[in-house]
Amino acid sequence: MKEIILIKNGELALKGLNRSNFEDILIKNLRRRLKQIGEVEVRKAQSTIYVEPKSEDFDFENALEQVSLIFGIAAFSRALVCEKEINDILTRSVEYLKATLENVKTFKVEAKRADKHFPLTSPEICRELGGKILAAYPHLKVDVHNPDRTVFVEIRDYAAYVHAEQIQGAGGLPVGTAGIASILISGGIDSPVAAWTMAKRGLKLNAIHFASPPYTSARAEMKVRTLLSKVARYSSSINLAIVPFTEIQDQIAEHCPEEYFTLIMRRMMMRISERLAAKSGSLALITGESLGQVASQTLPALVATDSVVNIPVLRPLIGMDKEEIITISRKIDAFETSILPYDDCCTVFTPKHPKTRPTLSLCEEAEKNLPIEELIEKAINETEYSYIY
């Protein structure tokens, strides 16, 4: 019994003349993800991508799990391949559908006849297969409005395909179609969600983490690596830069007014991140900030933070509340890791009364005694790199 995975690419249908480029990148991502499972042939035709295993012991369940994590896929199905002949469709479909129909009470059949040379119309196909199913499974009834299960028959150029479950995909755009950006990743709830959200829009991710030993522990760094591995299940591999930040925070604590600690720390992070982004080919920075969530995320504070860089800063969570962010965090299996009680450098040296409405001139005055360029160069030179898969 030959089976195949049928993939619908949804949003890519709107890309006009650029559509083939998006589809080619999606196919490349599919091949890369599935090669660990077994050899497959991946091809596109008629707004559908076909994944055909080349071995009989292909692990379909594992493959379907991997496909569900790939951005750019609207829906997918595990389908039976039949000859384009109604008797073959009827005979083989009844046995193939046994497992999915034996525990439901109602069903309907939907047919799509992309090949208009097929001798039966779509309603005729539905009637023939529906009758065959009712004869084989007398416990079933037809319900065309709200069935427990819908059986799909697709008549295409080279074969007919039958399936009874269309699984929702991850949606979005294929990773790599929108360029490269660097996520400033902490150990909290927000930044992994921001990374996932922008990967869903087609961005290839690099990551930058600021570590402050001994104020932060090795467990905090491992927490970040674990969070990135959750995101990488969707985004593919991530290049991680670990930036030493202890000396910078000590200098800020020694030379700057306390109410500006967080703001100046953020400004230093952005300066360093911009330079690391240039080295890694990233065209933008991504942060997990949400407007008004904490003192450093008021509009004046964000303006003061952004003023030190000349590349775009993407904030996909800017209009979300915490519950919305937590919902996504749970969806991508990051929440339980994010709430582990290991401090990151963003929670070190938090001022008792942080400045919430800073002006740019006051920020510049507050950091005037810092050896900014010297600190940046040293941090970049001591940055360590690794890959997260």
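The following exercises, with worked solutions, concern helix packing, aromatic pairs and burial in a predicted model.

**Exercise 1. Classify the packing of helix 1 against helix 2, and state which residues meet.**

Solution.
Step 1. Helix 1 spans residues 19-34 and helix 2 spans residues 60-67; their axes come within 10 Å and cross at roughly 140°.
Step 2. That angle makes helix 1 oblique to helix 2, because only angles over 145 degrees count as roughly antiparallel and 65 to 115 as roughly perpendicular.
Step 3. The crossing of these two helices is right-handed.
Step 4. On the side of helix 1, the contact is made by Leu30, Arg33 and Leu34, which meet Ala63, Gln66 and Val67 of helix 2.
Step 5. Sorted by class, the residues of this contact comprise four nonpolar, one polar and one charged.

**Exercise 2. Determine the geometry of the aromatic pairs that tyrosine 234 forms with phenylalanine 71 and with tryptophan 196.**

Solution.
Step 1. Across the whole structure, a search finds seven aromatic pairs.
Step 2. One of them joins phenylalanine 71 and tyrosine 234, with 5.6 Å centre to centre and 25° between the planes. This pair is stacked, because planes under 30 degrees apart fall in that category.
Step 3. Phenylalanine 71 lies in the loop between helix 2 and strand 4 (73-82), whereas tyrosine 234 belongs to helix 7 (residues 218-235); the pair thus links distant parts of the chain, 163 residues apart.
Step 4. Phenylalanine 71 counts as buried because its relative accessibility is 1%. Tyrosine 234, with a relative accessible area of 10%, is also buried, since the limit is under 20%.
Step 5. Tryptophan 196 and tyrosine 234 form a pair with 5.9 Å centre to centre and 90° between the planes, an edge-to-face arrangement.
Step 6. Tryptophan 196 is in helix 6 (residues 190-200) and tyrosine 234 in helix 7, 38 residues apart, and this pair too links distant parts of the chain. Both tryptophan 196 and tyrosine 234 are buried.
Step 7. Taken together, Phe71, Trp196 and Tyr234 form one aromatic cluster.

**Exercise 3. Describe how far helix 6 is covered, and what phi glycine 202 takes just after helix 6.**

Solution.
Step 1. Ten of the eleven residues of helix 6 are buried, and the helix is therefore mostly covered.
Step 2. Among the buried residues are Asp190, Ser191, Pro192, Trp196 and Met198.
Step 3. Just after helix 6, glycine 202 takes a positive phi of about 95°.

**Exercise 4. Characterise the surroundings of serine 273 in helix 9, and the packing of helix 9 against helix 14.**

Solution.
Step 1. Serine 273 lies in helix 9, which covers residues 261-280.
Step 2. Serine 273 is buried because its relative accessible area is 0%.
Step 3. Leaving aside residues up to four places away in sequence, serine 273 touches Leu184, Ile208, Phe210 and Leu285.
Step 4. Helix 9 packs against helix 14 (residues 372-381) at an angle of about 50°, with the axes 10 Å apart.
Step 5. Helix 9 is therefore oblique to helix 14, and the crossing is right-handed.
Step 6. Helix 9 contributes Met268, Arg271, Ile272, Arg275, Leu276 and Lys279 to the contact; these meet residues of helix 14 including Ile372, Glu373, Leu375 and Ile376.
Step 7. By class, this contact has eight nonpolar, no polar and five charged residues.

Key
Residues numbered from 1 in each chain as written. Predicted model: local features only at pLDDT ≥ 70, side-chain atom pairs only at ≥ 80, totals over all residues. Heavy atoms only, no water. Axes fitted to C-alpha atoms, helices over the stretch in contact; angles between N-to-C directions. Helix = DSSP H or I, 4+ residues; strand = E, 2+ residues; numbered from the N terminus. Parallel < 35°, antiparallel > 145°, perpendicular 65-115°, else oblique. Left-handed = near helix turned anticlockwise from the far one by under 90°. Contact = heavy atoms within 4.5 Å. Nonpolar A, V, L, I, M, F, W, Y, C, P; charged D, E, K, R; others polar. Phe/Tyr/Trp six-rings, centres within 6.5 Å; stacked < 30°, edge-to-face > 60°. Buried < 20%, exposed > 50% of the residue type's maximum accessible area, 1.4 Å probe, protein only.
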